[in-house]
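Please open the model in your viewer and display the backbone as a cartoon, with side chains available on demand. The tour proceeds by selection, with a short account of what is found at each stop.

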Amino acid sequence: MGFLSVLSFAHKLVRERIAPGDIAVDATAGTGADTLFLAKACGGKGQVFSFDIQQQALTLTQDRLTKEDASLIAEVMLLNASHARMEQELPINVHGQVAAVMFNLGYLPAEGADPALITVPDSTIPALEAGLRLLRPRGVLTAVLYPGHPGGELEAAAVENWAKALPAARGQSIIYRQLQRPAAPYLIAVDRK
């Protein structure tokens with residue numbers, strides 16, 4: 001038995017912090033895998049906010065959600081907006097109440113998607129800051145990074161530097177990475193204090 005994949009490890013960290021009825025954020029909807037995971041974890045009384053700047057991503061996410069029993073998953077609000085606008089888009093009453101914020105950075109891995117449209121540090125770093133502020137104490141933020149695509153290495157380095165520079169009073173950060181494959185995806189997670 002090998003180690004968990006980066007995505008599975010991100011889900012494990014979140015699953016340990018989230019309970020039915022909680023509020024969560026998928027900062028980058030993509031194909032909807034994390035949104036669905038969060039919706040199941042938060043359960044029928046929970047709430048999930050899912051962001052993406054690409055309508056195609058939100059359509060893929062909605063398609064994934066409609067295959068589920070709506071009574072068993074959280075209410076999901078799909079937002080056609082940048083992850084950097086999280087604080088502005090979320091209702092004020094959920095600020096400081098979010099159990100988990102998940103980022104899956106890079107590009108939309110879907111047929112017909114523009115591979116040149118990628119997440120970039122200029123919006124990702126403010127989004128990470130916003131996500132950390134939205135979390136409740138002991139909430140978790142996860143960011144899956146993809147250094148193997150054009151622009152991905154720059155973004156991964158920026159996120160890693162952001163996490164390293166976090167004061168311990170704000171959060172504890174970890175990295176989960178396969179050391180023999182520097183271009184492989186890896187995870188940074190932050191436990192909010």
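**First stop: S82**

The model on display is predicted. Begin by selecting S82, which is located in the loop that connects strand 3 to helix 4 (86–89). Is S82 buried or exposed? Its relative accessibility is 19%, and the limit for a buried residue is under 20%, so S82 counts as buried. Next, show the residues around S82: leaving aside residues up to four places away in sequence, S82 touches F51, I53 and S123. A C-alpha to C-alpha distance drawn from S82 to I53 reads 5.3 Å, although the two are 29 residues apart in sequence.

**Second stop: the sheet**

Now select the strands. Seven of them form an open sheet with mixed pairing, in the order 3-2-1-4-5-7-6. Which strands lie at the edges? They are strand 3 (75–80) and strand 6 (171–176), each of which pairs on one side only. On average, neighbouring strands of this sheet are turned by 15° against each other, with direction ignored.

Within the sheet, select residues 135–145 and 186–192, that is, strand 5 and strand 7. These two strands run antiparallel and are joined by six bridges. One residue pair to display is V144 and its bridge partner in strand 7, L187. In general, strands of a sheet pair through backbone hydrogen bonds, in either a parallel or an antiparallel manner.

**Third stop: two helices across the strands**

Add helix 5 (residues 121–134), which lies across strand 4 (98–104), strand 5 and strand 7. Helix 5 runs at about 150° to strand 5. Then add helix 6 (residues 152–165), which lies across strand 5, strand 6 and strand 7. The angle between helix 6 and strand 7 is about 25°.

**Fourth stop: charged side chains**

Side chains of opposite charge can pair when their charged atoms come close. How many salt bridges does a search of the whole structure find? The search finds 11.

Stay with helix 5 and select E129 and R133, which both lie in this helix, four residues apart, or about one turn. Their side chains meet in a salt bridge with an N to O distance of 3.8 Å. R133 is partly exposed, at a relative accessible area of 41%.

Extend the selection to R170, which forms a salt bridge with E129, with the closest N and O atoms 3.0 Å apart. Because R170 lies in the loop between helix 6 and strand 6 while E129 belongs to helix 5, the pair ties together parts that are 41 residues apart in sequence. R170 also counts as partly exposed, at 29% relative accessibility. Adding E87 completes the view of a network of salt bridges that links E87, E129, R133 and R170.

For another salt bridge, select K12 and E16, whose closest N and O atoms are 2.4 Å apart. K12 is partly exposed, with a relative accessible area of 33%.

**Final stop: the largest pocket**

Finally, display the molecular surface and select T28, G30, N104, Y107 and L108. Among the 32 residues that line the largest pocket, these five are the closest to its centre. The space in this pocket is about 560 Å³. Which elements give two or more residues to its lining? They are helix 1 (6–15), helix 2 (33–42) and strand 2 (47–52).

Notes
Residues numbered from 1 in each chain as written. Predicted model: local features only at pLDDT ≥ 70, side-chain atom pairs only at ≥ 80, totals over all residues. Heavy atoms only, no water. Pairing = 2+ DSSP bridges. Axes fitted to C-alpha atoms, helices over the stretch in contact; angles between N-to-C directions. Contact = heavy atoms within 4.5 Å. Salt bridge = Lys/Arg side-chain N within 4 Å of Asp/Glu carboxyl O. Buried < 20%, exposed > 50% of the residue type's maximum accessible area, 1.4 Å probe, protein only. 1 Å grid on protein atoms, 1.4 Å probe; cavity = no way out; pocket = protein on both sides within 12 Å on 5 of 7 lines; lining within 4 Å. Points joined across faces, edges and corners; volume = space filled by probe spheres on them.
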